[in-house]
Every structure is written in C-alpha cells, then in structure tokens.
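Reader: I would like a close look at one part of this model, the sheet and the helices packed around it. Please give the cut-offs as you go.

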Amino acid sequence: MTTSLNAAGRRMALQDRLAGLPVQDFLDNFVIYHAAPTIRGLKPSTLACPNRTDPGLAEAFPVTARRLSRHFGLSLLPLRNRSGGLMVFAYNRGLLSRVLAEPASRTLLRGAGFSDPGRLDSVLAELRGRFDGEAFPHEIGVLLGYPADDVARFIHDGGKGATITGDWRAYGDEVTARRAFERNRAARALAANLILSGSSLPEMAARLIHRQE
C-alpha cells in the first residue's frame with residue numbers, strides 16, 4: 001500500500017509512476033503534486049518545474065490549465081526557464097491577492113522594479129517577462145508565500161546565514177518556518193499517495209480541497 005511507504009520510497013515510487021504516464025497525465029499529476037500546499041490553502045502559489053523535456057508539454061499545458069481550474073480552483077501561468085523549458089506557476093487568485101495587499105510584499109516588489117505591485121494581473125505580466133531574462137527573479141519568493149523579510153535577506157545575502165532551510169531559506173523564527181515546511185510536506189505526501197493509488201482528478205480534489213485525511 002502507498003501509505004506504508006516512507007518519504008524516500010514514496011518519492012521514488014512517484015517518480016516511476018509519473019515517468020510512465022502519457023504527457024498529458026504526467027503534466028496534470030506533476031503540477032497537482034507540487035501545488036498540493038496551494039490547493040490546500042497553505043500557500044498562495046507554487047512554481048512547478050517539470051523534469052521531463054517532452055515537446056508535447058507545451059501542447060498539454062492548456063488542457064492541464066482547464067482541468068486544474070475546474071477541479072482545484074487553480075490558475076496556471078506558463079513560464080520559461082533559461083533553456084526554454086516549461087515551468088508552471090500555479091496560484092490561487094484570492095490568496096495571492098491577499099499577499100499583494102500586504103505592505104511588506106508591495107515594498108519588496110516595488111523595490112525590485114514592479115510598476116504596480118498591488119495589482120495581481122500587472123504583477124503576473126511582469127513576472128512572466130522577467131523569466132525571459134538571464135537572471136532568476138528571486139523576488140518571486142513573496143508570491144510563493146515566503147516571508148518578505150526572508151526573501152529580502154536571501155536576495156541581499158545570497159542565501160547565507162539562514163536559520164533553517166526547507167521550502168525556502170528562513171532567517172527569522174525557526175519554529176514557525178519548520179511548521180510551515182512540515183505542513184507543506186504533508187500536503188505533498190497526501191497528493192503523492194493519491195497519484196500512486198490511481199485516483200481521478202475529482203477524487204484528488206475531494207481529498208485535497210476538503211482537507212480530509
């Protein structure tokens with residue numbers, strides 16, 4: 001049974017499962033796994049970077065976007081890495097809008113050159129353009145739900161001096177960060193078990209969205 005696997009065994013089993021799927025099912029399930037914390041309302045967005053260089057990913061993206069919007073309430077934005085590969089920014093519009101309403105988030109984004117850091121559609125359009133450049137836009141961290149202070153310290157210090165490292169490099173309250181890491185890890189573990197058990201998209205949505213264990 002998938003629930004009996006330890007974390008390492010689950011990751012390996014999930015990799016094997018995803019690798020054997022047709023490109024459309026692969027992209028659907030890959031994004032669901034990585035975006036599980038966002039689906040469960042734990043963070044406003046997720047950046048998923050498919051580890052598969054299949055030219056069919058770009059064609060599969062619109063279908064994945066429609067399916068995940070319908071079943072999970074997610075919005076998807078296609079981005080490009082330096083080599084031209086697909087990355088998927090999966091977000092909850094309501095949660096992300098709340099992040100942009102926070103003064104610390106707007107201050108950091110404005111300092112990074114965003115013209116209208118309080119308006120979601122403007123931020124997303126500028127974010128997409130930044131992924132066409134050479135440098136990775138580390139300010140995306142605030143959009144991913146990381147504390148603005150931690151994102152600013154990472155940009156300034158290059159990741160040095162963090163008190164704990166998990167989903168992000170945290171410089172402040174280690175206990176709070178550790179709890180967030182554990183909640184996100186549990187959400188992904190649940191998604192992995194659902195994928196490994198062959199659950200349909202509606203079945204996964206019922207378990208993930210309604211926070212049933």
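Author: The account below starts with the sheet, goes on to the helices and ends with one distant pair of residues.

This is a predicted model, in which local features need pLDDT of at least 70 and side-chain atom pairs count only at pLDDT 80 or more, while totals for chains, interfaces and linings use all residues. Residues are numbered from 1 along each chain as its sequence is written, and side-chain values use heavy atoms, with hydrogens and water left out.

Helices (H or I, at least four residues) and strands (E, at least two) are DSSP runs, numbered from the N terminus. The sheet is open and has 3 strands in the order 1-3-2, with antiparallel pairing; two strands pair if DSSP finds at least two bridges between them. Strand 1 (45–48) and strand 2 (75–80) each have a single partner strand and stand at the edges, so one side of each has no neighbour in the sheet. On average, and ignoring direction, neighbouring strands are turned by 20 degrees against each other. In general, strands of a sheet pair through backbone hydrogen bonds, either parallel or antiparallel.

Strand 3 (residues 86–91) pairs with strand 2 in the antiparallel sense over 6 bridges. Serine 75 has tyrosine 91 in strand 3 as its bridge partner, and leucine 76 stands opposite alanine 90 in strand 3. Strands 2 and 3 form a hairpin with 5 residues between them, and glycine 84 in the turn has a positive phi of about 90 degrees. Strand 1 also pairs with strand 3 in the antiparallel sense, over 4 bridges; there leucine 47 has phenylalanine 89 in strand 3 as its bridge partner.

Of the 6 residues of strand 3, 6 are buried, so this strand is largely enclosed by the rest of the structure. Buried means under 20% relative accessible area, exposed over 50%, and partly exposed in between (1.4 Å probe, protein chains only). Both faces of strand 3 are covered, with Leu86, Val88 and Ala90 buried on one side and Met87, Phe89 and Tyr91 on the other.

Helix 2 (residues 23–34) lies across strand 1, strand 2 and strand 3 and runs at about 50 degrees to strand 3. Axes are lines fitted to C-alpha atoms, for helices over the stretch in contact, and angles run from 0 to 180 degrees between N-to-C directions. Helix 2 also packs with helix 11, at an angle of about 5 degrees and with the axes 12 Å apart. That makes helix 2 roughly parallel to helix 11 (angles under 35 degrees count as roughly parallel, over 145 as roughly antiparallel, 65 to 115 as roughly perpendicular and the rest as oblique). Asp28, Asn29 and Ile32 of helix 2 meet Leu201, Met204 and Leu208 of helix 11, where contact means heavy atoms within 4.5 Å.

Helix 11 (residues 201–209) packs with helix 10 (residues 174–196) as well, at an angle of about 155 degrees and with the axes 10 Å apart. That makes helix 10 roughly antiparallel to helix 11. Ala187, Leu190, Ala191, Leu194 and Ile195 of helix 10 make the contact with Met204, Arg207 and Leu208 of helix 11.

Finally, alanine 13 lies in helix 1 (residues 7–19) and is partly exposed, with a relative accessible area of 24%. Alanine 13 and asparagine 193 are 180 residues apart in sequence but 9.7 Å apart in space, C-alpha to C-alpha.
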